[in-house]
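Thanks, everyone, for making the time this morning. I would like to walk through one structure with you, and I will start with a question once it is on the screen.

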Amino acid sequence: GAWVAPFGMANINSRVVRRSNMFLKYGEKFGYREVQISSNEKQAKKAAKLAQNPTPPEVMQKLIESGRLPKPGEGPSPQLRSRSRFVTLLIAVNEDGQELAATVQGGECGYEETAKMCIESALALVYENASCPNAKGGFLTPASCMGNVLINRLHRAGITFSVLADSEGRKAKVLGKRAIADFNQMVARL
């Protein structure tokens, strides 16, 4: 099993997804929720507590000054980044109850994959602008502006998007649980 907890970027990400829905019309009953998987109850409760009561800036500064947290510009070492991975599990359910599970996977997301996403977005706008569905300008989201052009660029850059399916027709949540277990096994080997 797994425990879920609030995800630190959910407040920002949910606004981007809802704006994409405004442009792309996902459906009148569209809803979005983002959580993080925790390996045990204690981690989940700690994450929930931090989401409700974030660490005050003065405490963060003291942790940085004492060397317990990295200073700005000091991130994980290249060795640690080379061993780090992320997986995002997406589970969608339509109005008829049909489910779909998909994953987005890549390397270290805090620095390297985030940089890839920014660079590939810029390159899509420069070199594939005519193929982007809505790159005319305005306050757009990556999905509404670049759509599959960006997904294809990210895939070529090593960030993969996969629909989970199997021959037994198992439900998305079952496939999602298997993806989480596979990811946890991969992390344990690092």
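Leaving aside its neighbours within four places in sequence, which residues is Asn21 in contact with? Before I answer, please keep in mind that what you see is a predicted model. With those neighbours within four places set aside, the contacts of Asn21 are Tyr26, Gly27 and Phe30. Asn21 itself sits in helix 1, and because its relative accessible area is 18%, under the 20% cut-off, it is classed as buried.

Helix 1, which spans 10-24, brings me to the second largest pocket, since this helix and helix 2, at 41-52, each contribute at least two residues to its lining. The volume of that pocket comes to about 210 Å³, and its lining is made up of Pro6, Phe7, Gly8, Ala10, Asn11, Gln36, Ala47, Leu50, Ala51 and Pro54. Helix 2 accounts for the largest share of this lining, with three residues. In terms of residue character, the lining of the second largest pocket has seven nonpolar and three polar residues, and no charged ones.

Let me turn, finally, to Arg85, which is found in the loop that runs between helix 4 (78-83) and strand 3 (86-93). Is Arg85 buried, partly exposed or exposed? Its relative accessibility is 39%, so Arg85 counts as partly exposed. Its side chain reaches the backbone oxygen of Ser82 at 3.1 Å, while Ala5, 80 residues away from Arg85 in sequence, lies 19 Å from it in space, taken from C-alpha to C-alpha.

Definitions and conventions: Residues are numbered from 1 along each chain as its sequence is written. This is a predicted model: local features need pLDDT of at least 70, side-chain atom pairs count only at pLDDT 80 or more; totals for chains, interfaces and linings use all residues. Side-chain values use heavy atoms; hydrogens and water are left out. On a 1 Å grid over the protein atoms alone, a cavity is a set of points where a 1.4 Å probe fits but cannot get out, and a pocket is an open set with protein on both sides within 12 Å along at least five of seven lines; lining residues have an atom within 4 Å of a point. Grid points are joined across faces, edges and corners, and a volume is the space filled by probe spheres set on the points. Helices (H or I, at least four residues) and strands (E, at least two) are DSSP runs, numbered from the N terminus. Ala, Val, Leu, Ile, Met, Phe, Trp, Tyr, Cys and Pro count as nonpolar, Asp, Glu, Lys and Arg as charged, and the others, Gly among them, as polar. Buried means under 20% relative accessible area, exposed over 50%, partly exposed in between (1.4 Å probe, protein chains only). Contact means heavy atoms within 4.5 Å. A polar contact is a pair of N or O atoms within 3.5 Å; within protein, one must be able to donate a hydrogen and the other to accept it, and residues adjacent in sequence count only if both atoms are side-chain atoms.
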